Amino acid sequence: MDPVYIYLFVGGAVFFVALAIYLQIKSKKELVEEQKEMQQQILQQPVRSVTTSNPEMLRLQLQAYERLAILCERIGLTNVLSRFAVNAMSASQLQSAMIQTIKTEFEYNVSQQLYVSAAAWDGIKNLKEQNIFIINQLVSMLPTNANGMDLGKKLIELLAEDENASLQNIVTALINKEAKQLMG
């Protein structure tokens with residue numbers, strides 16, 4: 001084989017490896033920026049008064065806030081991840097299973113929006129969407145033959161690197177604040 005072709009081949013391979021590394025870094029930065037934007041949107045929303053003088057309505061509202069607090073925990077990324085045998089799945093299988101779990105949990109609680117503030121419900125929707133976005137972004141950064149363990153490690157690394165990587169704590173705090181306003 002002609003040395004020129006070898007140099008072109010090696011040079012092309014180096015270029016594509018460098019491009020892949022650059023895209024991974026850029027994707028991670030974009031993911032962090034997207035998360036920060038979502039957090040700012042939730043924090044800037046005004047909290048409307050959710051108090052009522054009807055005792056039955058107050059009971060329903062408190063139950064709704066309780067269910068949404070539980071939902072925040074159930075769709076938290078580490079909690080969703082812990083439900084699966086990641087070492088027995090491919091990354092794409094784990095991705096599908098985690099997203100389906102998040103969507104199912106959300107759909108099961110969709111009626112709770114009738115009893116809570118718009119800010120609380122928007123927080124829940126944003127948490128669901130952000131978690132799905134994070135899963136999809138992490139999978140896109142993995143090689144096509146990655147296994148579930150690879151995805152699980154990336155997810156844990158992301159959450160360990162930045163405590164604000166997920167909206168879960170912010171949304172939970174908002175729900176708790178509004179529930180306490182109802183009680184107080």
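## Lysine 125 on helix α5

Lysine 125 counts as partly exposed, because its relative accessibility is 34%. This lysine sits in helix α5, in a model that is predicted. Across from it, valine 171 is 46 residues away along the sequence, and the C-alpha atoms of lysine 125 and valine 171 are 9.9 Å apart in space. Valine 171 will come up again, since this residue is among those that α7 brings to its contact with α5.

## How the chain is built

Let's step back to the chain as a whole. There are seven helices and zero strands, and reading along the sequence gives the pattern α-α-α-α-α-α-α. Of the 184 residues in the chain, 38% are buried.

How do the contacts spread along the sequence? If you take contacts between residues at least 6 apart in sequence, 79% of them join residues at least 24 apart. As for the outside, the chain has an accessible surface of about 10,800 Å², and carbon and sulfur atoms account for 58% of that area.

## Where α5 meets α7

Helix α5 covers residues 118–141, and its axis comes within 10 Å of the axis of α7, with a crossing of roughly 160 degrees. An angle over 145 degrees counts as roughly antiparallel, so α5 is roughly antiparallel to α7. The crossing of these two helices is left-handed.

On the α5 side, the contact is made by Ala119, Ala120, Gly123, Ile124 and Leu127, while α7 offers Gln168, Val171, Leu174, Ile175 and Glu178. Sorted by class, the residues of this contact are seven nonpolar, two polar and one charged.

## Where α2 meets α7

Helix α7 also has a partner in α2. Here α2 spans residues 55–74 and α7 spans residues 168–183; their axes come within 10 Å and cross at roughly 165 degrees. The two helices are therefore roughly antiparallel to each other, and their crossing is left-handed. From α2, the residues taking part are Leu58, Gln61, Leu62, Tyr65, Leu68, Ala69, Cys72 and Glu73; they meet Gln168, Val171, Thr172, Ile175, Glu178, Ala179, Leu182 and Met183 of α7. By class, this contact divides into eleven nonpolar, three polar and two charged residues.

If you compare the residue lists, Gln168, Val171, Ile175 and Glu178 of α7 appear in the contact with α2, and these four residues also appear in the contact with α5.

## Two residues of α2 up close

Is glutamine 61, a residue of helix α2, buried or exposed? With a relative accessible area of 8%, glutamine 61 is buried, because the cut-off for that label is under 20%. Glutamine 61 is one of the α2 residues that meet α7. Its C-alpha atom is 8.1 Å from that of alanine 179, a residue 118 places away in sequence. Alanine 179 is in turn among the α7 residues that meet α2.

Methionine 57 lies in helix α2 too, and its relative accessible area of 29% makes this residue partly exposed. Which way does the chain bring distant sequence to methionine 57? Tyrosine 115 is 58 residues away along the chain, and the C-alpha atoms of the two residues are separated by 8.1 Å.

## Where α4 meets α6

The next pair is arranged at another kind of angle. Helix α6 covers residues 148–161; α4 and α6 pack at about 60 degrees, with axes 7 Å apart. That angle makes α4 oblique to α6. The residues in contact are Ala91, Leu94, Gln95 and Met98 from α4, together with Gly148, Leu151, Gly152 and Leu155 from α6. This contact has five nonpolar and three polar residues, and no charged ones.

## Alanine 91 in its surroundings

Alanine 91 belongs to helix α4, which runs over residues 91–108. At 4% relative accessibility, this alanine counts as buried.

What does alanine 91 touch, once neighbours within four places in sequence are set aside? Its contacts are Val139, Leu142, Ala146, Asn147, Gly148 and Leu151. Of these, Gly148 and Leu151 also belong to the α6 side of the contact with α4. Asparagine 147 is 56 residues from alanine 91 in sequence, yet their C-alpha atoms are 4.4 Å apart in space.

Definitions and conventions. Residues numbered from 1 in each chain as written. Predicted model: local features only at pLDDT ≥ 70, side-chain atom pairs only at ≥ 80, totals over all residues. Heavy atoms only, no water. Axes fitted to C-alpha atoms, helices over the stretch in contact; angles between N-to-C directions. Parallel < 35°, antiparallel > 145°, perpendicular 65-115°, else oblique. Left-handed = near helix turned anticlockwise from the far one by under 90°. Contact = heavy atoms within 4.5 Å. Nonpolar A, V, L, I, M, F, W, Y, C, P; charged D, E, K, R; others polar. Buried < 20%, exposed > 50% of the residue type's maximum accessible area, 1.4 Å probe, protein only. Areas by Shrake-Rupley, 256 points an atom, 1.4 Å probe, with all protein chains shown as cover.
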